[in-house]
Number of protein chains: 2
Amino acid sequence: MSTIGEHEMLLQVPEQGTLADLATHRLAHSIVTGELAQGQKLNEAELAERFGMGRGPLREALRHLEGMRLVTRIPNAGTRVVVLDRKTLADIYGVREALEGMACRLAATQMSNEEIANLKKLLDNHEEQIEKVGGKVYSQSEGDLDFHFQIARGSRNQMLMDMLGSEQYQLLRMCRYRTSRKATRTKPALQQHRQIVAALEQRDGELAELLMRRHIHGAWKSISEMIDKEEEVGQASA
Amino acid sequence: MSTIGEHEMLLQVPEQGTLADLATHRLAHSIVTGELAQGQKLNEAELAERFGMGRGPLREALRHLEGMRLVTRIPNAGTRVVVLDRKTLADIYGVREALEGMACRLAATQMSNEEIANLKKLLDNHEEQIEKVGGKVYSQSEGDLDFHFQIARGSRNQMLMDMLGSEQYQLLRMCRYRTSRKATRTKPALQQHRQIVAALEQRDGELAELLMRRHIHGAWKSISEMIDKEEEVGQASA
DNA sequence: TGCTCTCCGATTGTCGACAATCTTGGCGAA
DNA sequence: TTCGCCAAGATTGTCGACAATCGGAGAGCA
């Protein structure tokens, strides 16, 4: 239907449900955007007061976040925001390559013509935003996530969608926020996205998988280099 | 080190931690083994009393299980054991094919010679158990899970290990319990396992991945047929 | 001066009770 | 008879207080 606001799906936003769900959402957002620093300790009482709720719901939220791997919990020692070191990111991107490649292969046979058309429109919007000075880098990054999520959805594999989109894989978004501010590599990424859509249009699953794997592999190499540089300046200033 | 008792890793058993962790463990076990039927509603007060704890820790446990996808929770309407229908199982096995194939490919270059040797011993034990009337089918099934988990560990990819082993993927064990009582297909499965280990010994990642994918694909076909038959008799008796 | 041990504050873990919401059974009207 | 509405029971959601445990500051001793 609509091609805009789809990334709402990535974090079922309204959360009209329980306070615990609300807290989960707010905390996840704070962690993903870096508002809460990596490794920072999360004080239950303090957070509960800030959110205007008791500690019960908040503890449930922390348990939920633990399941999402956004926090680490040690009994009797508190909960901390997860730390994304180089090895962890490498592992994530490796898994992503396998899962998103698979999603692409399935999507090539499962997506409707209309869905593929919408995907093209999404890329058009994306390009438009890039043209006007990159728009806010924010929406650009989220737009990219939209693209990947739409393909995951196109696979018609619920487990895959769960792992790549709705909950399990928030770590990715976290990584994006950390790295995508540099906002390099958007042009070639868009080009690769178009290639992938073309493969989907031709219903060529093998090619689509190959292109997606290559795309993600390239993204990882780019991010990896970025981390290297950051570590260098980190070393220099230390 | 030891090749026995390794499947303890699959459900960090001791759980000397909090009551919530204990409840998580006990509930997960009950669900996986089928002691709690699929779709059954979980009453908080009742379970809390049975486990001799308050509702607080129990609710945290349910939140954790929700993250593991072992239960489904609907606000103000309670928590239910997840239902593994045919589509869900198909999705799971599809994802498994991608992830375990990847694990195998990585393991071929990452595992030490000693680890591979231990893997062979594991299969010897496995064969022994099959010879003596199949032993308890239980340990046989768990032994198979051990095999797969050892390879996941051999990938040296923590995210992969998490997804395949320690927490996220309990659904698989649940499925095993439901289907493996029939205990067919153990001989060919063992044969395939040996082929995989041989590929690992030769450090042939591509071959190892291919064999693992084929192995899992075969397992799904076998289980799929089993479900078909069950549905037939179900239809007949209805 | 440096190390250890102890005690205290802070934080987490747990419980019981209360409020909000949903479900169900019964009653009355069309 | 059947449909819809209402009330009572049951269940979930939430809160505040208490107990258990941990980390750290400071005193005491070598």
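## The sheet of chain A

In this predicted model, A:Arg73 has A:Thr79 as its bridge partner in strand 3 of chain A. A second such pair links A:Val71 with A:Val81, again in strand 3 of chain A. In total, 4 bridges join strand 2 of chain A to strand 3 (residues 78-81), and the two strands run antiparallel. The hairpin of strand 2 and strand 3 of chain A has 3 residues between the strands, and A:Asn76 takes a positive phi near 65° in this hairpin.

Strand 3 of chain A also pairs with strand 1 of chain A: 2 bridges join them, and they run antiparallel. Here A:Lys41 stands opposite A:Arg80 of strand 3. The 3 strands of chain A thus form an open sheet in the order 1-3-2, with antiparallel pairing. Its edge strands are strand 1 (41-42) and strand 2 (71-74) of chain A, each of which pairs on one side only.

## Two faces and a helix

In a regular strand, the side chains alternate between the two faces of the sheet. Which residues of strand 3 of chain A are buried, and which are not? A:Thr79 and A:Val81 point to one face and are buried. A:Gly78 and A:Arg80 point to the other face and are not buried.

Helix 3 of chain A lies across strand 1, strand 2 and strand 3 of chain A. Relative to strand 2 of chain A, this helix runs at about 115°.

## Domains of chain A

Chain A is divided into domain 1, covering residues 13-81, and domain 2, covering residues 86-227. Each side gives 8 residues to the contact: 8 residues come from domain 1 of chain A and 8 residues from domain 2 of chain A. On the side of domain 1 that touches domain 2, there are 5 nonpolar, 2 polar and 1 charged residues.

## Contact between the chains

How many residues of chain B are in contact with chain A? There are 22 residues of chain B in contact with 22 residues of chain A. On the chain B side, helix 3, helix 4 (86-110) and helix 7 (158-166) each supply at least two residues. Helix 4 of chain B gives the largest share of that side, 8 residues. By class, the side of chain B that touches chain A consists of 9 nonpolar, 9 polar and 4 charged residues.

## Surfaces near the DNA

Around DNA strand C there are 19 residues, of which A:Gly78, B:Thr18, B:Leu19, B:Gly54 and B:Asn76 come nearest. Both chains contribute to this surface: helix 2 (44-51) and helix 3 (55-67) of chain A, together with helix 1 (19-32) and helix 3 (55-67) of chain B, each supply at least two residues. The surface near DNA strand C has 7 nonpolar, 8 polar and 4 charged residues.

DNA strand D likewise has 19 residues around it, and those that come nearest are A:Thr18, A:Leu19, A:Gly54, A:Asn76 and B:Gly78. At least two residues of the surface near DNA strand D come from each of helix 1 (19-32) and helix 3 of chain A and helix 2 (44-51) and helix 3 of chain B. This surface is made up of 7 nonpolar, 8 polar and 4 charged residues. Two residues of the chain A hairpin region recur here: A:Asn76, with its positive phi, is among the residues that come nearest to DNA strand D, whereas A:Gly78, which is not buried, is among those that come nearest to DNA strand C.

Technical notes: Residues are numbered from 1 along each chain as its sequence is written. Chains are lettered from A and ligands numbered from 1 in the order in which they are written. This is a predicted model: local features need pLDDT of at least 70, side-chain atom pairs count only at pLDDT 80 or more; totals for chains, interfaces and linings use all residues. A residue is near a molecule or strand if its C-beta atom, placed from the backbone, lies within 6 Å of it. Ala, Val, Leu, Ile, Met, Phe, Trp, Tyr, Cys and Pro count as nonpolar, Asp, Glu, Lys and Arg as charged, and the others, Gly among them, as polar. Two strands pair if DSSP finds at least two bridges between them. Two residues are in contact if their C-beta atoms, placed from the backbone, lie within 7 Å. Axes are lines fitted to C-alpha atoms, for helices over the stretch in contact, and angles run from 0 to 180 degrees between N-to-C directions. Domain bounds come from an automatic or database domain assignment. A residue is buried if 20 or more other C-beta atoms lie within 10 Å of its own, exposed if 12 or fewer, and partly exposed in between; C-beta atoms are placed from the backbone.
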